[in-house]
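Good morning. I will take you through one structure, part by part, and keep it plain. Please have the sequence and the model open while I talk.

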Amino acid sequence: MSESVALHTTNDEKRSTPAIQLVGLRKQFGAGELSVHAVDGVDLSIEEGEFFSLLGPSGSGKTTVLRMIAGFELPTGGAILLQGKDVTTQPPYDRDVNTVFQDYALFPHLTVRQNVEYGLKVKKVPKAERRRRAEEMLEAVRLGSYGNRKPNQLSGGQRQRVALARALVNRPKVLLLDEPLGALDLKLREEMQVELKTIQRDVGITFVFVTHDQGEALSMSSRVAVFNHGRIEQVGTPREIYDHPSTMFVAGFVGTSNLLPAPLSQELFGVFRTHSVRPERIRVVQQTVSDVEVSVEGVVDDIQYLGADCRVRVRIADGTHLLANVPSDGLVGVAVGGTARLAWPRFAAFEVAETITSEGGDQ
Amino acid sequence: MGERLEHAPNLTEIDLTDGRASEPSHPFRGVNRAFHGRRGLGVASTLGAPLAWMLLVYIGSLVLLVFSAFYELDPITQKPSDTFTWDNILAAFNIFDPAVRDTVWVLVRTAGVALIVTVLCFLIALPVAFFVSKVAWRWIRRGIIVAMLMPLWAGYLVKGYAWRAMVSPSGGKFAATGKGDGGFLDATFGWTPGYGRTAIIITLVYFWLPYMVLPIYAGLDRMSPSLLDAAGDLGAKPMRTFRSVILPLLMPAIAAGSIFTFSLSLGDYIVPQMVNNGKEKFMFGTLINSTLGAPNQPLAAAYTLWPLLIVILYLLAMKRLGAFENL
């Protein structure tokens with residue numbers, strides 16, 4: 001208990017030492033010409049008590065970073081600091097972090113309670129205390145009466161919660177979660193998202209959450225790092241990532257974006273750089289617009305009915321397709337094949353870099 | 001697309017039957033129809049032949065062997081007669097008879113050898129299987145599996161004679177010149193266990209090792225690598241992970257492998273003759289073969305109930321360890 005109490009009382013003073021620091025972290029699989037740089041120079045610091053997401057498509061290196069923090073993989077370069085202490089070469093059993101695995105990895109030959117007690121038993125916690133803490137933890141994940149079951153007698157969501165209890169009962173400094181909701185169906189996943197956030201707030205432990213689902217990352221995290229090709233493209237709060245994507249990749253991967261190529265941007269804003277604008281920022285207008293808005297005309301290619309909104313696809317003069325999400329009742333006089341004028345506020349369009357900047361890291 | 005056009009007149013049929021029945025008439029269509037919806041026919045046609053084989057040829061021959069224990073020996077032909085008797089059974093299980101006690105003692109020793117062989121097979125198989133399944137690269141993995149299976153492809157007698165040549169003591173039939181004037185081991189290393197108990201154990205381990213490696217390898221292959229990660233993540237050092245996660249999960253596979261190594265060793269009577277010059281009575285199978293089988297088949301059959309008892313006990317013990325759970 002003492003650790004989690006300490007977390008709350010000395011929060012300010014701890015801010016100087018991040019929970020996790022990754023310095024120039026690299027991982028290369030194989031050697032010579034066949035080698036693959038799974039992680040190619042990652043710098044990152046994750047603060048105490050954060051719900052931090054590593055977001056990226058499969059093969060972007062996010063899971064490898066997580067496995068290196070856990071100690072399952074040894075980095076081929078760089079360093080990992082846990083609360084300021086270098087753990088780069090420490091084996092997993094010496095690190096004060098615990099993991100929730102994608103396939104849960106519950107021990108099939110042990111009961112739910114024995115699974116949860118496993119870590120405490122290894123650390124020689126006395127039997128009575130071990131039992132009490134396991135029961136408390138199972139209670140906390142609403143599985144109090146399931147202690148004597150075997151994992152194969154539980155549903156996917158219940159196994160997920162056992163895996164969470166088994167990790168949290170050890171009161172780790174950091175909890176690593178490797179796409180833990182991937183195997184659950186949509187409804188359960190949404191429930192678990194809320195539950196995970198609540199649990200994280202209650203225990204105050206730093207969560208590092210790997211996911212390829214941008215919705216999940218945006219809705220749960222305090223900060224997000226977007227991965228691509230073994231590097232970080234952007235780090236920021238969900239709002240920063242969504243509203244100000246700094247690269248073309250982030251703009252396209254997180255939510256939907258319209259990319260305005262450099263020549264078009266030159267024409268619209270007078271800057272020869274690629275810009276991005278979100279479809280929900282674009283309106284379909286009748287004719288004149290004020291100076292604070294940019295407007296462009298094109299031919300309506302397609303109208304997709306989404307319920308409350310419609311997604312209108314417009315092809316403009318230079319061949320670029322723009323998507324606009326407009327309220328379904330605001331589509332008067334717009335039809336496929338006809339022309340439409342699109343407009344968006346100047347501040348809604350952002351310059352995005354073609355690729356990541358040299359550091360590609362944390363600020 | 002072209003087919004569709006060809007069968008254009010059947011279009012209405014396609015619509016009505018979900019497109020399936022419109023398949024052009026097939027040579028096996030009648031057969032398919034006959035099987036459709038008749039589960040019993042499917043079971044009978046696939047399971048019938050193997051089941052008949054098992055019952056008639058395999059089980060049948062064993063039952064016949066046991067049956068012969070209940071008939072008197074015809075003193076003239078030296079074969080079982082058709083006169084029923086309990087005498088053979090009573091003789092074989094009369095533990096007050098010193099001869100029976102000697103025989104049982106040989107059997108106990110044989111079971112001991114089989115157990116040693118089983119334990120050695122396990123000790124060799126486990127690290128090999130672990131390496132192949134969890135550590136080795138794919139092409140190395142294949143190489144090792146092939147190497148492990150190789151002994152299965154060679155003839156039994158070939159392997160037997162090979163080992164006879166390996167362990168042959170100095171001055172023996174396979175004498176070579178080298179460090180020693182014995183077989184390969186003596187000639188190369190100047191040391192050989194010679195013929196006898198040690199040679200029998202080594203040879204049997206060599207013979208039955210693949211039967212232990214394969215189930216353990218399969219068991220490890222089924223085991224998710226994240227289970228091992230999870231144990232380490234929760235603070236378990238490698239030995240602890242082995243003891244508390246790998247071993248319990250592998251128990252069914254180990255038990256299944258040990259059934260092969262134990263029962264095959266228990267029943268073997270050729271290896272003991274090949275690498276055990278002179279002491280024919282050392283292994284039970286050899287004893288049955290040389291002293292009981294030829295002169296008195298019914299009595300020998302009665303004696304085989306002893307090892308049958310041991311094997312049944314062994315199987316029951318292994319069943320408790322879950323040997324049959326993954327079948």
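**A buried helix and its surroundings**

Leaving aside residues up to four places away in sequence, Ala230(B) touches Phe101(A), Ala105(A), Phe107(A) and Arg166(A). Keep in mind that this is a predicted model. Ala230(B) sits in helix H11 of chain B. Is Ala230(B) buried or exposed? Its relative accessibility is 0%, so Ala230(B) counts as buried. If you want a distance to check on screen, take the C-alpha atoms of Ala230(B) and Val245(B): they are 9.9 Å apart, and the two residues are separated by 15 places along the chain.

Now the helix as a whole. How many of the nine residues of H11(B) are buried? The count is eight, so H11(B) is largely enclosed by the rest of the structure. The buried ones are Ser226(B), Leu227(B), Leu228(B), Asp229(B), Ala230(B), Ala231(B), Gly232(B) and Asp233(B).

What covers these buried residues? From chain A, the cover includes helix H3 (62-70), strand S6 (97-100), H4 and helix H6 (156-168). From chain B, it includes helix H6 (98-135) and H12. After H11(B) comes Gly235(B), which has a positive phi, near 105°.

Next, the charged side chains. Over all chains, the count of salt bridges is 21. One of them starts from the helix we have just looked at: Asp229(B) pairs with Arg67(A), and their closest N and O atoms are 3.1 Å apart. Asp229(B) belongs to helix H11 of chain B and Arg67(A) to helix H3 of chain A, so this pair joins two chains. Asp229(B) has a relative accessibility of 17% and counts as buried, because buried means under 20%. Arg67(A), at 22%, is partly exposed.

Let us move to two salt bridges inside chain A. In one, the side chains of Glu135(A) and Arg113(A) meet, with 2.6 Å from N to O. This pair links distant parts of the chain, since Glu135(A) is in helix H5 of chain A and Arg113(A) is in helix H4 of chain A, 22 residues apart. Glu135(A) counts as partly exposed, at 24% relative accessibility. Arg113(A) is buried, with a relative accessible area of 14%.

In the other, Glu117(A) bonds with Arg131(A) in a salt bridge whose closest N and O atoms are 2.9 Å apart. Here too the pair links distant parts of the chain: Glu117(A) lies in helix H4 of chain A, Arg131(A) in helix H5 of chain A, and 14 residues separate them. Glu117(A) is buried, with a relative accessible area of 7%, while Arg131(A) is partly exposed at 36%. There is also a network: salt bridges with shared partners join Lys27(A), Arg67(A), Glu73(A) and Asp229(B).

Now to the surface. Which residues gather in a patch of positive charge there? They are Lys121(A), Lys124(A), Lys127(A), Lys237(B) and Arg243(B). I will place two of these. Lys237(B) is in the loop between helix H11 (225-233) and helix H12 (238-267) of chain B. With a relative accessible area of 48%, Lys237(B) is partly exposed.

Lys124(A) is in the loop between helix H4 (112-122) and helix H5 (127-140) of chain A. Its relative accessibility is 70%, so Lys124(A) counts as exposed. The phi of Lys124(A) is near 60°, a positive value in a residue other than glycine.

His229(A) also has a positive phi, near 50°, and is likewise a residue other than glycine. Look for His229(A) in the loop between strand S9 (223-228) and strand S10 (231-236) of chain A. At 64% relative accessible area, His229(A) is exposed.

Last, chain A as a whole. Its secondary structure comes to 11 helices and 18 strands. Chain A has 363 residues, and 51% of them count as buried. Take the contacts in chain A between residues at least 6 apart in sequence: 65% of these join residues at least 24 apart. The area that chain A exposes is about 16,700 Å², and carbon and sulfur atoms supply 50% of it.

To go back to where we began: Ala230(B) is buried, and H11(B) around it is largely enclosed by the rest of the structure. That is the end of my part.

Conventions
Residues numbered from 1 in each chain as written. Chains lettered and ligands numbered in written order. Predicted model: local features only at pLDDT ≥ 70, side-chain atom pairs only at ≥ 80, totals over all residues. Heavy atoms only, no water. Patch = residues over 30% accessible without salt bridge, like charges linked within 9 Å, V, L, I, M, F, W, Y side chains within 5 Å. Areas by Shrake-Rupley, 256 points an atom, 1.4 Å probe, with all protein chains shown as cover. Salt bridge = Lys/Arg side-chain N within 4 Å of Asp/Glu carboxyl O. Lys, Arg positive; Asp, Glu negative; His and termini not counted. Charge placed at Lys NZ, Arg CZ, Asp CG, Glu CD. Helix = DSSP H or I, 4+ residues; strand = E, 2+ residues; numbered from the N terminus. Buried < 20%, exposed > 50% of the residue type's maximum accessible area, 1.4 Å probe, protein only. Contact = heavy atoms within 4.5 Å.
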